[in-house]
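Here are a few short exercises to work through with the model on screen. Try each task before you read its solution.

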Amino acid sequence: MAVPLKITMLAAFMLLGACRSEPINFHTLTPVELSASRAGAQIPIEGISVPPQVDRPQIVIRQGNNGLAILETQWWGASLADELRSALSDQLSNTGSRGNVSVRIDVQRFDSIPGQYGLIDVKWRLRPSGAADNALLTCHSTLQTPSGPSIDELVAAQQNNVKRLAALINQAAGNARCPSAS
């Protein structure tokens, strides 16, 4: 009777070992080192909208020409909209002569393709505080950064895109013109 019990226990441990899932890895769009050149008051973010296909805790990548893959073991620290808000809040500052402004951000595309690039296509609007709607400055930026094949490299590419977007918003807050993406 001891032999069947040992076989049963061995089989149970093997089955439990096969059920082990991969650990979840968490990523953020906030870089480790923030720019030291931040001066002036923070630019408040009125709102951020993100396409619903990618606004989730799991990282979503493109597959082929028309597919998406939700990576079940690669997650953002929060929803994508919250990650963007957090990363941009840390990098936006109002140094311009226009007075205080706020920004509204509408992400049109947030593409992540491992081994190729990270892309963010965004419309954004600056509003001087207390100004009427006719004083709004509406801009459009498409930012793309090459990426290596790993998810960490893809996240770093998107961090770079967010950093560049913050720089463009800071520049526009200072001179009341839409800058060109560089």
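**Exercise 1.** Find which strands helix α2 lies across, and its angle to β2.

*Solution.* Start with residues 80–89, which form helix α2. In this predicted model, local features need pLDDT of at least 70, side-chain atom pairs count only at pLDDT 80 or more, and totals for chains, interfaces and linings use all residues. Residues are numbered from 1 along each chain as its sequence is written, and side-chain values use heavy atoms, with hydrogens and water left out. Helices (H or I, at least four residues) and strands (E, at least two) are DSSP runs, numbered from the N terminus. Next, look for contacts (heavy atoms within 4.5 Å): helix α2 lies across β2, β5 and β6 (117–128). Finally, compare axes, which are lines fitted to C-alpha atoms, for helices over the stretch in contact, with angles from 0 to 180 degrees between N-to-C directions. Helix α2 runs at about 145° to β2.

**Exercise 2.** Now do the same for helix α3.

*Solution.* Take residues 151–175 as helix α3. This helix lies across β5, β6 and β7, at about 25° to β6.

**Exercise 3.** What is the strand order of the open sheet, and which strands are at its edges?

*Solution.* Two strands pair if DSSP finds at least two bridges between them. Following the pairs gives β2-β5-β6-β7, a four-stranded open sheet with mixed pairing. At the edges, β2 (45–49) and β7 (137–146) each pair on one side only. From one strand to the next, the twist averages 20°.

**Exercise 4.** In which sense do β2 and β5 pair?

*Solution.* β5 covers residues 101–113, and its pairing with β2 is parallel, over four bridges. To check the register, locate Ile48, which stands opposite Ile105 in β5.
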